[in-house]
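Okay, thanks for coming, everyone. Let me put the structure up, and then I'll walk you through a few spots in it.

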Amino acid sequence: RFIAKPCAINLGIQDSGPHRAQPNAILEKVFTSITKSPDGKRLEGLSKQLDWDVRKIQRWFRHRRNQDKPTTLTKFCESMWRFTFYLSIFFYGIRFLWTAPWFWDTRQCWYNYPFQPLTSKLYYYYIFELAFYWSLMFSQFTDIKRKDFLIMFVHHLATIGLITFSYMNNMVRVGTLVLCLHDASDFLLEAAKLANYAKYQRLCDAFFMLFGVVFIVTRLGIYPFWILNTTLFESWELIGPYPSWWLFNGLLVTLQVLHVIWSYLIIRTASKALARGKVSKDDRSDVESSSEEEEVTSNSTKGICSTSSNGSNRLNGHVASGQWTGE
């Protein structure tokens, strides 16, 4: 409210919503009480009742649906908040882990386990991350609604479960490595969204390409050969398997499967953008456009970041079906 909004206004982002539907008591009652997307039979009945043609009624419902959608300013403020957190927590994690012995030697994660001291810096790192994902889960009900609401809700629950589980089992050393690794690319995605909303297309494309490179390097390179190597093999060698070991590694391996899927979709989106100079409309978009508006957007928007897309993980996470999706 006090930082992101002034920044958005200085960048020329106006607090103006989509075209508002003209007041009509009958259509408003149908919209609020019956359906927001009437079928053909209902459209014909309304057409006779109001003496309007069907296309005009369809246009009214489209405008009425868009009327409740968030403005670009609202989306910019939400992304700026997430960008601020991801960037801050990433540098906090790097600064903390730089002096931690297990950052340089992952076998240190398992020496004297589970009797390892919980320092205040490590504790706050975990609490900050856990609090943020709790806030994301609850704020989903009040933030911008997207089509992957259920997927991201389950993702946030799983993330909270992993953080809580590793904390309860004192696997916090390897947990900090996982958290820092995942934060490395998230702020770049949010930066790309901010540039997209501000209509800095080349900057948006650059951030998105950088995000894609960092995401693939960290999730397909560092994560399996550094994180999974220590949780699967080094821990087995040093402390042996135990009941929670199987659950913990099962969750981490599942996460790697998601990394592979998301990386494939990121590469596909980037390759389409490079080949055609643009990408298809974001499937997660919270803005509903008419066919005419979509055509204009498709023809006028260049680069990787479509101005009609909202981006999200999610990842809070990343790209799916030519879209940005939260991890």
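Before anything else, one term: when I say buried, I mean under 20% relative accessible area. And keep in mind that this is a predicted model.

So, take Tyr133. At 7% relative accessibility, Tyr133 counts as buried. Phe132 counts as buried too, at 3%.

Now to the aromatic rings. How many aromatic pairs does the structure hold? There are 27. One of them is Tyr92 with Tyr125, a tilted pair, with 5.8 Å from centre to centre and 45° between the planes. Tyr92 sits in helix 5, residues 72-98, and Tyr125 in helix 7, residues 120-139, so this pair ties together parts that are 33 residues apart in sequence. Is each partner buried or exposed? Tyr125 is buried, at 0% relative accessible area, while Tyr92 is partly exposed, at 28%.

Back to Phe132 and Tyr133 for a second: their ring centres are 5.7 Å apart and the planes are at 75°, so that pair is edge-to-face. And there's a cluster as well, where ring pairs link Tyr92, Phe96, Trp102, Tyr123, Tyr124, Tyr125 and Phe128.

Okay, on to the nonpolar cores. The largest has 50 residues, and those touching the most other members include Leu97, Trp102, Leu177 and Phe211. Which helix gives the largest share of this core? Helix 9, with 12 residues. Other elements giving two or more residues include helix 5, helix 7 and helix 10. If you want to zoom in, try Leu177: leaving out residues up to four places away in sequence, Leu177 touches Leu97, Trp102, Phe103, Thr106, Cys109, Trp226 and Ile227. There's also a second, separate core of 10 residues, with Leu46, Leu50, Ile57 and Phe61 among them.

Two of those names bring us to helix 3, residues 40-50, whose buried residues are Leu43, Leu46, Ser47 and Leu50. Looking down the axis, you'd find them within an arc of 105°, so they line one face of the helix. What do they pack against? Helix 2, residues 25-33, and helix 4, residues 54-67. The face turned away from the buried side carries the exposed residues Lys41, Lys48 and Gln49.

Just after helix 3, Asp51 takes a positive phi of about 60°. And one last thing to look for: Lys56 lies over the face of Trp52, at 4.3 Å from the ring centre.

That's my tour, thanks!

Note on methods. Residues are numbered from 1 along each chain as its sequence is written. This is a predicted model: local features need pLDDT of at least 70, side-chain atom pairs count only at pLDDT 80 or more; totals for chains, interfaces and linings use all residues. Side-chain values use heavy atoms; hydrogens and water are left out. Rings of Phe, Tyr and Trp (its six-membered ring) pair if their centres lie within 6.5 Å; planes under 30 degrees apart count as stacked, over 60 as edge-to-face and the rest as tilted. Helices (H or I, at least four residues) and strands (E, at least two) are DSSP runs, numbered from the N terminus. Buried means under 20% relative accessible area, exposed over 50%, partly exposed in between (1.4 Å probe, protein chains only). A charge sits over a ring if NZ of Lys or CZ of Arg is within 6 Å of the ring centre and within 35 degrees of the ring normal. A nonpolar core is a set of buried Ala, Val, Leu, Ile, Met, Phe, Trp, Tyr and Cys residues joined through side-chain atoms within 4.5 Å. Contact means heavy atoms within 4.5 Å. The arc is that of the directions from the helix axis to the C-beta atoms.
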